[in-house]
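Me: I have a structure open and a few things to ask about it. Can we go through them one at a time?

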Amino acid sequence: MSDNKIVVIGMGYVGLPTAAIMADAGFDVHGVDVNPATLQVLNAGGCPIGEPEVTKLVTGALASGRLKASDAPVTGDVFIICVPTPITDDKRADVSIVRAATRTLARYVKKGDLVILESTSPIGTTEYTVGEELAAQGFDIREDLDLCYCPERVFPGSTISEIVENDRIIGGLTPRAAARARALYARFCTGGQLETTAAIAEFSKLMENTYRDVNIALANVFGHIAEAAGIDVNDAIALANRHPRVNVHKPGPGVGGHCIPVDPWFLVDGFPEQTGLLLQARVVNDGQPHHLWARVKSAGGPIGKIAILGAAYRGNLDDARDTPAEQLIHALEADGVGYAVHDPYVSKFRMHDGRLVPVGIDLAQTLDGVDAAIIMTDHSDYRGLGPEVFAGMAGRLIADGRNLVDRGALTAAGFTVVPVGAPLSRPSAPVTVPQGAAIRR
């Protein structure tokens, strides 16, 4: 069995780089996407993802002829599903796109083919969603086909190396399917291929991002305690992390991206009685933008308009999926406060309610006349900013959600800085003992 003809469903942040890597490794790859804008870029030889390494590989694969793209599948040996698995407005898992993609590709699948789901999914999706749709076409999903769940592990900014070098979990519906998928990934991945069942693979993927979410929430709670106690949490974290088995994260303004804020809900949805801790972590992390805004309001002074610095969910990327800036915008709108958004990488982003938010690229213009600024993204462009950058503001209030600015220089110039996990820095602020800090005997 050659397994040389690959069909990848979904040309997004995972599917497109995966397709390009496989084409570069010598496979004949056909990419499928329903977005006309994505197909237009690909069929013109371009790349819709701005990450330089991805762009280089995609454009090279297209130029070689080993990667093609259209809005419909073709017959092949291997079908890889890389489509979104979002959550609904009421935080329920939504696998409808996986189901629709499987229903479409099932018409092109033949006996003996290998079908792989890579999308992060609730436990049981491979067997009971993908498997159901394939069975509806008359296939015995254990005898006629090889069906697997092989989750991606991608860190935006290092997408190619992550796909190629990370260990790959191979979750087969049968041992035969797992062995076949392992042989496939071994042809273009240098990391290990770890065979298990589909359900365990699904669970392990959800564990990875939930683990990160819970630990970020812990850091944010430590930040809340430090703010109340008048302590800089970063000083405490630096000392705690000298313990050989402790690695406390840094608090921030919220969690974004299409993985960490989404994946824990799949477990909460499926297992509500067992996931109280996971639910509380989600509440803490989703509440961080609101918490930061509350601290800004408590700092004093009328606020009519805010400059939001950073739309991307992570520094030095153009990816604004599930950005914490959206939650901040909702908080501002609830209080009738206007806003302007700046980002050096993002030109616009779409919120969950469908609205398109314009994003400026001129920092001075965004800051001009605003009453306060809130830094939401750890872009290098924002690191070490001093008072001269904020001189055009009408107010003198800066909330530093990433602890990036030159706090000393700003307070010396008359600004009040609201950090995360530390007391407010005010110009010539007197030293006070925070309430509750007295030693109790």
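Me: How many salt bridges does the structure hold?
Reply: There are 21 salt bridges. Keep in mind that this is a predicted model.

Me: What is the salt bridge partner of E133?
Reply: E133 pairs with R103, and their closest N and O atoms are 3.0 Å apart. The two residues come from distant parts of the chain, 30 residues apart, with E133 in helix 5 and R103 in helix 4.

Me: How do helix 4 and helix 5 cross?
Reply: Helix 4 (residues 96-105) and helix 5 (residues 125-135) have axes that come within 8 Å and cross at roughly 35°. The crossing is right-handed.

Me: Which residues make the contact?
Reply: On helix 4 they are V98, R99, T102, R103 and L105. Helix 5 supplies T125, Y128, T129, V130, E132, E133 and L134. Sorted by class, that contact has five nonpolar, three polar and four charged residues.

Me: Now the sheets. What is the strand order in the eight-strand one?
Reply: The order is 3-2-1-4-5-6-7-8, in an open sheet with mixed pairing. Strand 3 (67-70) and strand 8 (193-197) are the edge strands, each pairing on one side only. From one strand to the next, the twist averages 25°.

Me: Which strands of that sheet does helix 4 touch?
Reply: Helix 4 packs on the sheet and touches strand 1 (5-9), strand 4 (78-81) and strand 5 (114-117). The direction of helix 4 makes about 160° with that of strand 4.

Me: And strand 2 with strand 3, parallel or antiparallel?
Reply: Strand 2 (residues 28-32) pairs with strand 3 in the parallel sense, over four bridges. Within that pair, V29 stands opposite L67.

Me: What about the five-strand sheet, what order is that?
Reply: That open sheet runs 10-9-13-14-15, with parallel pairing. Its edges are strand 10 (338-342) and strand 15 (416-419), each paired on one side only. Neighbouring strands there are turned by 20° against each other on average, direction ignored.

Me: How many bridges join strand 13 and strand 14?
Reply: Four bridges, in the parallel sense, between residues 372-375 of strand 13 and residues 397-400 of strand 14. I374 has A399 as its bridge partner in strand 14.

Me: Last one, helix 8. What span should it have, and how far apart are its ends?
Reply: Helix 8 has 32 residues (198-229), so at 1.5 Å a residue it should span 46 Å. Its end C-alpha atoms are 47 Å apart, which agrees.

Me: What follows helix 8?
Reply: G230 does, and its phi is positive, near 75°.

Methods: Residues are numbered from 1 along each chain as its sequence is written. This is a predicted model: local features need pLDDT of at least 70, side-chain atom pairs count only at pLDDT 80 or more; totals for chains, interfaces and linings use all residues. Side-chain values use heavy atoms; hydrogens and water are left out. Two strands pair if DSSP finds at least two bridges between them. Axes are lines fitted to C-alpha atoms, for helices over the stretch in contact, and angles run from 0 to 180 degrees between N-to-C directions. The expected span of a helix is 1.5 Å times one less than its number of residues. A crossing is left-handed if the near helix is turned anticlockwise from the far one by less than a right angle, and right-handed if clockwise. Contact means heavy atoms within 4.5 Å. Ala, Val, Leu, Ile, Met, Phe, Trp, Tyr, Cys and Pro count as nonpolar, Asp, Glu, Lys and Arg as charged, and the others, Gly among them, as polar. A salt bridge is a side-chain nitrogen of Lys or Arg within 4 Å of a carboxyl oxygen of Asp or Glu.
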